[in-house]
Amino acid sequence: MPNEHIVNTVCAHNCGGRSFLACHVRDGKLVNVTPADMPDPAYRGLCVRCLTLPQWVYSEERIPAPMRRAGPRGSGNFTEIGWDEALDEIAERFKILLDAHGPSSIAFSRTSGSSQLGNYSRLAALLGGGGTANFFGGVDMAVHMGLNSTLGFKGMFGQAANEWTDRARAQVYIVWGNNPAETSMTSMKFLLDARDGGAEVIVIDPRYSATAMHATWWVAPRPGTDLALAMGMLHVMLSDDLIDENFTATRTVAPLLVREDNGLFLRASDSTPGKADTFMVIDAATTAVPLNQSAEPQLEGRLLIDGVPMATAMTLLREEVQKYPPERVQAITGIAADDIIDLATLYATAGPATIGFGYGVDRYKHGDMLTRAAATMAVLTGNIGRPGTGVGVQSHGIGSRGAELAAGVSLPDWAQTESIPNIEVGVRSLPVRALFCQGDWLNQRSAHMTRARAYLESLEFLVTADHFWQTTAQWSDIVLPASTFLEGHGPVRDVAIAGNCIMLRRPVIEPVAQSRPDSEIERALAERLGLGEWFQDAAEDIVRAQIDGSEDAALTGVTFDKLMRAGGAMRLNVPATPNIQYGGLHFPTKTGRAEFYVEELVDFGEALPRYVEDHEALSTHERAIDYPLVLVQAHARQRAHSTFYNTRWTLEIWPEPTLELNPGDAQARGLSDGDLAEAFNDRGHVVARVRPNPDYPPGLANLAEGWKQQQYMAGNVQELTNGTINASQTHLWGHANIPFFDTRVQVRRWAEGKPS
Ligand SMILES: Nc1nc2c(c(=O)[nH]1)N[C@H]1C(S)=C(S)[C@@H](COP(=O)(O)OP(=O)(O)OC[C@H]3O[C@@H](n4cnc5c(=O)[nH]c(N)nc54)[C@H](O)[C@@H]3O)O[C@H]1N2
Ligand SMILES: Nc1nc2c(c(=O)[nH]1)N[C@H]1C(S)=C(S)[C@@H](COP(=O)(O)OP(=O)(O)OC[C@H]3O[C@@H](n4cnc5c(=O)[nH]c(N)nc54)[C@H](O)[C@@H]3O)O[C@H]1N2
Ligand code: SF4
Ligand SMILES: [Mo]
């Protein structure tokens with residue numbers, strides 16, 4: 001009889017679903033994966049990709065042992081070395097650099113879905129003590145920048161919206177730049193529940209996506225023009241008096257006076273220095289008074305005070321949105337003026353209405369202003385803080401129950417890292433001479449690959465830790481085999497909170513081949529660098545401290561030991577009804593109100609959201625002459641980014657990179673289904689199999705992100721992508737988002753290894 005048992009663990013793949021997996025282990029090998037029971041059955045789930053986990057774990061492309069480069073960078077020649085030799089060499093090289101150039105000469109980069117434990121951030125912070133560099137960010141951030149600056153939230157992913165299980169209470173459900181049918185399978189069922197319950201489900205997407213197929217209404221703007229659509233909707237709402245005046249007056253900055261000389265809110269302290277920062281409004285007697293002394297502040301109006309013109313934020317907003325009558329917005333977006341009016345009217349009057357964004361709109365230069373405009377719609381119409389309402393991110397991050405875990409690890413004050421935005425790597429000069437890379441920076445976390453590759457080539461020392469041979473590994477000096485989240489020692493690797501549950505990520509099998517979990521690699525390096533004292537705790541100690549030390553009421557009654565006894569998952573101590581974000585109608589901004597007017601962006605002309613016609617995807621952009629097609633890289637259903645690039649079942653369905661485009665665009669270039677074509681621009685090129693598809697409008701093409709370098713016939717989609725830095729995002733958040741989709745290309749036939 002084979003020895004078979006089941007271990008439950010949380011999926012770590014970065015689709016954001018955090019499914020709870022029942023892993024079937026036979027004679028020490030993972031043989032099958034099924035959905036594990038969750039305390040709340042609404043959150044039980046598993047996707048087809050994870051049925052292939054045994055193929056993933058035992059893939060022939062696993063890095064079997066530590067390797068040292070034996071030929072030129074990128075040549076793919078490596079020789080096997082032992083762990084001690086590899087770790088000694090890394091430590092030695094780091095020590096030499098620390099002595100000669102200080103900590104800022106060493107940088108770390110981590111994969112976006114990596115565990116919080118063993119992601120090398122503790123080592124990075126402790127090394128040298130003066131701030132090693134941390135390459136971070138640039139993905140999935142614009143939508144959050146916009147929501148956060150308006151609503152005052154600080155987190156990312158699902159947190160700004162109501163819990164998923166609330167979605168069924170919406171009557172109008174707008175899915176904006178998001179394709180959960182393929183990218184958030186675990187939340188898609190809630191969208192279907194809403195539709196089956198009679199909600200109007202509107203999918204806004206230029207292509208007819210797998211999600212649009214399930215909508216009651218598909219709205220297709222031209223790529224990158226959503227901001228104009230949102231401004232047009234605001235125009236309709238204000239012109240047709242569709243707003244909730246009471247909510248607007250009491251919960252938003254609408255009545256606050258703005259000084260037109262410097263664009264800042266008028267404060268009592270402006271006229272009486274030393275006075276508290278009280279914001280001023282116009283009261284019934286048409287004079288400026290502090291907000292807290294006015295019974296009925298006027299929503300709109302102008303005043304002249306000491307020669308300085310003033311207007312309420314609402315007056316300024318009305319003036320701005322007046323520039324977007326439906327006819328103008330039709331000309332920009334291609335959506336009929338009547339549809340723009342219907343969409344705005346439906347949202348404002350047929351609610352409760354909710355907006356779920358995805359990252360399809362995040363990857364254009366002004367993704368942040370789009371979500372600001374949408375958050376403005378929500379607060380002007382009172383579609384927030386109540387069941388069935390909200391504005392946030394549909395996929396990624398399960399639900400919105402934020403429970404605070406205790407820190408778990410305390411570091412000394414001197415431990416620091418200096419953050420360097422991914423989008424600036426290779427653009428500005430950096431002191432970094434060595435990079436320790438968890439995962440695949442070159443293929444995933446940077447645009448404009450020829451520039452990024454030149455940067456990697458310029459480094460003195462490059463180390464990669466990954467499960468598989470991948471793009472950055474090929475350019476590395478040392479490659480380390482990291483265990484997957486399913487492998488390891490001890491009772492636990494990590495903890496995750498998802499929906500209304502808390503779950504342990506438990507190792508399921510022993511490390512495969514010579515691989516080691518990242519946490520063990522990190523500890524072994526720390527020991528060699530004289531930092532071993534900070535790594536005496538096992539994962540169990542940290543997770544126990546995080547759970548048992550938490551003061552969050554949602555974790556009352558939850559302990560590490562109880563979780564272990566319960567099979568790894570417990571319900572949080574939260575009400576049975578879905579969580580409603582901003583239920584108290586208080587917004588954690590400096591004014592305590594929803595700030596559709598953002599003072600910090602006055603210098604950029606972006607205090608109010610506005611449509612700026614300066615980015616690559618627009619047909620009016622100068623690059624449109626040479627590069628007539630917009631090339632997006634929608635996330636592929638068969639992978640989570642690059643993960644699952646190598647599993648047999650997923651490759652049977654979709655074996656190679658494909659370039660999808662409108663049949664008319666294909667025909668005009670003499671291309672038929674199955675031909676090879678080159679997509680190119682002045683940044684680089686990629687070659688892929690052509691798939692004409694009427695779901696794409698003329699002018700739009702797609703090559704899914706996440707294929708690995710070795711899978712392309714030539715080039716890489718990342719050679720084409722746009723790495724332009726948005727200065728206002730840098731000002732607001734300290735870094736800009738990467739506008740991956742804001743990319744134009746031309747396409748031509750490819751034969752016999754060259755364009756034809
Ligand atoms: N299967 C799978 N699931 C995943 C991932 C994965 O790689 N694979 N990745 C995970 C991660 S980290 C993320 S960030 C999410 C991303 O997943 P999503 O948020 O769904 O984002 P995308 O797939 O990039 O794009 C979504 C849609 O935006 C549309 N779009 C493109 N341009 C525009 C535009 O100008 N306007 C509008 N309105 N729509 C536009 C595309 O056609 C596409 O259908 O998925 C997560 N889930
Ligand atoms: N052109 C383009 N590029 C994009 C996007 C796009 O839409 N277009 N989307 C962006 C988005 S939204 C995101 S979130 C990023 C995702 O970017 P990443 O997070 O970097 O993507 P993944 O492919 O999930 O992981 C990259 C590598 O990390 C390895 N890995 C996974 N887990 C572990 C681990 O635990 N330890 C170690 N050592 N290695 C591990 C995987 O094997 C893989 O090779 O991609 C971004 N890149
Ligand atoms: S990849 Fe995503 S949907 Fe699939 S099992 Fe993992 S978390 Fe769930
Ligand atoms: Mo992402």
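A pocket is an open set of grid points, where a 1.4 Å probe fits, with protein on both sides within 12 Å along at least five of seven lines. With that in mind, a tour of this predicted model can begin. The second largest pocket encloses about 560 Å³ of space. Its lining is made up of 29 residues, and those closest to the centre are Leu117, Gly118, Arg122, Ser519 and Ile542. Three helices each give two or more residues to this lining: H4 (121-126), H17 (518-528) and H18 (539-548). Sorted by class, the lining of the second largest pocket comprises twelve nonpolar, ten polar and seven charged residues.

Attention now turns from open pockets to enclosed spaces. Rolling a probe the size of a water molecule over the atoms reveals where empty space remains. Across the whole structure, the search yields five cavities of 30 Å³ or more. The second largest cavity has a volume of about 130 Å³, and 16 residues line it. Nearest to the centre of this cavity lie Cys11, Cys15, Ser19, Cys47 and Arg49. Helix H1 (48-51) and helix H7 (185-196) each contribute at least two residues to the lining. Nine of the lining residues of the second largest cavity are nonpolar, five are polar and two are charged.

This second largest cavity is also where ligand 3 sits. Around ligand 3 are found Cys11, Cys15, Gly17, Arg18, Ser19, Leu46, Cys47, Arg49 and Cys50. Five residues of this shell are nonpolar, two are polar and two are charged.

Ligand 1 is next on the tour. A group of 35 residues surrounds ligand 1, with Thr183, Asp205, Arg363, Arg639 and His641 the closest. The shell around ligand 1 contains twelve nonpolar, 13 polar and ten charged residues.

Several polar contacts can be picked out between ligand 1 and the protein. At Thr183, a backbone N or O atom lies 2.6 Å from a nitrogen atom of ligand 1. A nitrogen atom of ligand 1 is likewise found 2.8 Å from a polar side-chain atom of Tyr364. In the case of Arg207, an N or O atom of the side chain is 2.9 Å from an oxygen atom of the ligand. How much of ligand 1 does the protein bury? Taken alone, ligand 1 exposes 910 Å², and the protein buries 100% of that area.

Definitions and conventions
Residues are numbered from 1 along each chain as its sequence is written. Chains are lettered from A and ligands numbered from 1 in the order in which they are written. This is a predicted model: local features need pLDDT of at least 70, side-chain atom pairs count only at pLDDT 80 or more; totals for chains, interfaces and linings use all residues. Side-chain values use heavy atoms; hydrogens and water are left out. A residue is near a molecule or strand if one of its heavy atoms lies within 4 Å of it. On a 1 Å grid over the protein atoms alone, a cavity is a set of points where a 1.4 Å probe fits but cannot get out, and a pocket is an open set with protein on both sides within 12 Å along at least five of seven lines; lining residues have an atom within 4 Å of a point. A molecule sits in a cavity or pocket if more than half of its atoms lie within 2 Å of its grid points. Ala, Val, Leu, Ile, Met, Phe, Trp, Tyr, Cys and Pro count as nonpolar, Asp, Glu, Lys and Arg as charged, and the others, Gly among them, as polar. Grid points are joined across faces, edges and corners, and a volume is the space filled by probe spheres set on the points. Helices (H or I, at least four residues) and strands (E, at least two) are DSSP runs, numbered from the N terminus. A polar contact is a pair of N or O atoms within 3.5 Å; within protein, one must be able to donate a hydrogen and the other to accept it, and residues adjacent in sequence count only if both atoms are side-chain atoms. Accessible areas come from the Shrake-Rupley method with a 1.4 Å probe; for residues, only the protein chains shown count as cover.
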